[in-house]
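Got the viewer open? Let's take a short walk through this one, selecting a few things as we go.

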Amino acid sequence: NNGYNLWLQYTDIENSTLKKKYLSQIKNIHSFGNSETIKACVEELERGFSGLFGDDYFLDKEASNNVLIIGTISNLNDIHQKNLKEDVLQIKKDGFIIKKIEINGNKKIVITAKTATGVLYGVFRFLRELQTNQPIEQIKIIDSPKVDVRILNHWDNLDRTVERGYAGFSIFDWHKLPDFKDPRYLDYARANASIGINGTVVNNVNSNALILTPMYLEKVKALADIFRPYGLKIYLTARFSAPIEIGGLKTADPLNEDVKNWWNEKVKEIYKYIPDFGGFLVKANSEGQPGPQDYDRNHVDGANMFADALAPFKGIVMWRAFVYSEHNPTDRAKQAYTEFVPYDGKFKDNVIIQVKNGAIDFQPREPFHPMFGAMPNTNLMIEFQITQEYMGGATHLVYQPKLFQEVLEADTYRKGKGSIVAKVIDGSLHNKKLTGVSGVSNIGNDINWTGNHFLQSNWYGFGRLAWNPYLDAKSIADEWLRMTFTNENDFVNPIKNMMIDSRETVVNYMTPLGLHHIMATNHHYGPGPWVGNLSRPEWNPVYYHKANEKGVGFNRTKTGSNATAQYAPEVEEMFNNVSTTPEIYLLWFHHLPWDYKLKNGKTLWNNIALKYQQGVNEAENMISSWNLMEQYVDESRFKEIQMMLNIQYKEAKWWRDSCLLYFQQFSKMKLPDGVEKPNKSLNYFQTLKHPYAPGIKSQW
Ligand code: BDP
């Protein structure tokens with residue numbers, strides 16, 4: 001098994017009693033409506049059934065009892081419609097109903113929705129019930145997505161390199177498109193639909209204006225046509241300076257009439273190719289990208305210009321808040337809030353501000369971004385990074401839904417206790433009409449898509465949480481394991497725990513107790529806490545940990561950068577006070593002496609050292625847990641995962657040894673008992689070079 005089929009393995013149901021039970025209830029498929037999406041529903045059911053039931057799967061074309069009914073509610077016949085009237089009231093757009101009903105003595109399972117895409121989501125949900133061996137005798141599932149835009153961001157370049165991508169080259173083969181349609185595009189759409197993802201930005205946020213030229217729009221159209229039946233809308237990144245680069249204008253000033261006109265015409269042109277084009281994602285005035293500030297305009301001017309062009313077609317603008325500059329010397333973490341919050345209420349209705357989960361940059365752990373909840377009159381979406389730029393690329397097993405859940409559950413206190421980030425994201429806190437969750441994709445053209453079998457779970461879990469940000473990471477892991485590997489509890493239970501713990505393990509061996517951004521330069525793969533010579537201060541790890549003889553950590557309290565003031569008063573107070581700051585965020589907010597005593601009575605130095613060691617021990621334990629699973633997993637996936645876990649263990653030691661040797665120069669304290677002594681020198685680690693680590697920025 002090469003993992004290509006992801007969680008849609010549809011492997012034969014081993015329990016023969018259960019298989020018989022299922023088959024007795026699904027004798028035939030009756031589909032209503034003939035849209036491409038309904039055809040895709042039937043195809044997926046047939047694909048699923050032939051895998052799950054193998055040779056035992058025979059459609060009894062004559063059967064009218066114990067059949068499966070598929071179709072949008074308006075296409076079902078009156079009697080079904082009547083039967084489901086109450087249930088239909090409960091679903092929102094693209095939600096679905098799966099229900100066992102009985103009509104004139106005939107039993108049926110109906111999968112229906114208001115839209116064909118909703119039916120497709122219901123079909124995948126039904127298949128999941130079978131894949132995870134759930135009972136269907138009394139099946140009744142009514143579910144709707146809680147978020148509108150559930151979208152992947154591909155940081156894929158037109159030359160097929162992927163910025164911060166670790167699973168090979170881009171799956172989008174721009175050179176051969178539109179004529180060569182890789183079957184993988186369809187499987188990509190299926191996989192996304194199966195978890196409710198309904199949008200994809202196919203090119204990098206560090207954008208290339210070429211994507212907006214007719215030659216490339218033809219190619220984009222080809223993808224859009226393949227994705228459409230699966231409810232997957234295409235979006236593009238828009239390079240702010242495109243009017244100059246491909247439009248021949250002298251300026252890209254968003255208030256200039258020619259510029260506005262150029263974008264209006266460009267948008268019209270795009271919709272001719274792709275009538276259901278989703279809209280633009282824009283990275284402006286960030287890390288050297290062009291933007292409205294180049295013309296002394298602001299984010300509102302820039303975003304609203306695109307919004308006006310897209311509004312007639314119901315397109316949206318996702319405008320990123322990932323901004324920071326070298327001219328903000330005190331604290332990079334403060335800049336996005338400072339630049340955006342004053343404009344609350346000024347953005348058009350079809351603009352949504354895309355905010356990373358934390359204020360720095362996708363670290364193994366960050367406190368939630370202070371913008372969440374702080375812009376009650378602005379649409380605001382969250383951006384997660386599924387690809388592991390700062391978490392060991394594709395080699396380290398980190399089950400990220402645990403991280404996503406931690407952020408979604410964080411309390412902003414913006415409308416009192418219980419104002420959690422999930423409520424900002426699903427729009428319920430401030431009654432928002434446009435909501436979204438985005439994730440930077442970890443997909444590449446490796447045969448198993450994510451470069452590591454286990455990291456498929458991050459794509460899966462992202463989709464599930466985008467659909468419902470209140471889900472529990474552990475139950476998502478449970479589903480994923482059953483669908484991807486096996487339903488054996490002796491496999492699922494221990495490995496589920498291993499996945500859940502994996503996130504903390506990585507924090508422990510990379511950045512314990514609130515340390516952050518101490519990864520080596522450029523590739524961000526291994527440790528580099530010593531780096532301090534880069535041209536921009538806020539690119540240097542030393543800027544973030546501030547280690548010296550006196551102690552370590554970034555003082556963001558009111559005696560320091562005062563970033564804490566960007567949170568609601570309750571949160572601000574908690575983080576300002578070292579004794580109420582959760583220890584997981586300690587050094588994020590405080591600069592503390594090496595002999596500062598933590599709650600366990602041990603010094604800060606000893607705690608740091610013990611956490612690094614704990615991370616290493618846990619990485620080693622993952623290997624032992626996995627080694628017990630050989631009987632449940634096919635040989636190839638078993639071995640590949642085993643090799644990856646061994647790399648992770650080796651590299652956890654690399655992190656531990658190099659970080660402890662580096663910080664020890666300042667603490668001048670001994671390693672506590674229980675922490676292994678490094679067998680190499682600091683100099684050895686400092687001179688390791690990784691110029692060819694994958695995922696390096698390729699454009700600038
Ligand atoms: C950082 C990456 C960089 C991205 C940037 C972004 O290092 O490659 O371009 O984020 O999000 O995490 O725009």
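Start by selecting Asp-361 together with the ligand. An N or O atom in the Asp-361 side chain is 2.5 Å from an oxygen atom of the ligand. Keep in mind as you look around that this is a predicted model.

Now add Lys-283 to the selection. Its side chain also brings an N or O atom up to a ligand oxygen, this time at 2.6 Å. Next, click on Glu-287: here a polar side-chain atom lies 3.4 Å from an oxygen atom of the ligand.

How much of the ligand does the protein bury? Taken alone, the ligand exposes 320 Å², and 99% of that is buried by the protein. Switch on a surface view and look for the second largest pocket, since that's the place to find the ligand sitting.

Time to bring up the whole shell. There are 14 residues around the ligand, and the ones that come nearest are Glu-163, Lys-283, Arg-320, Asp-361 and Glu-389. Try colouring the shell by class: you'll get 9 charged, 2 polar and 3 nonpolar residues.

For the last stop, leave the ligand and pick out two cysteines. Is Cys-41 buried or exposed? Cys-41 counts as buried because its relative accessibility is 0%, and the cut-off for buried is under 20%. Select Cys-659 next: with a relative accessible area of 0%, Cys-659 is buried too. If you go hunting for disulfides, the structure holds 0 of them.

Note on methods
Residues numbered from 1 in each chain as written. Predicted model: local features only at pLDDT ≥ 70, side-chain atom pairs only at ≥ 80, totals over all residues. Heavy atoms only, no water. Near = heavy atom within 4 Å. Polar contact = N/O pair within 3.5 Å; in protein donor to acceptor, adjacent residues only side chain to side chain. Areas by Shrake-Rupley, 256 points an atom, 1.4 Å probe, with all protein chains shown as cover. 1 Å grid on protein atoms, 1.4 Å probe; cavity = no way out; pocket = protein on both sides within 12 Å on 5 of 7 lines; lining within 4 Å. Sits in = over half its atoms within 2 Å of the grid points. Nonpolar A, V, L, I, M, F, W, Y, C, P; charged D, E, K, R; others polar. Disulfide = S-S within 2.5 Å. Buried < 20%, exposed > 50% of the residue type's maximum accessible area, 1.4 Å probe, protein only.
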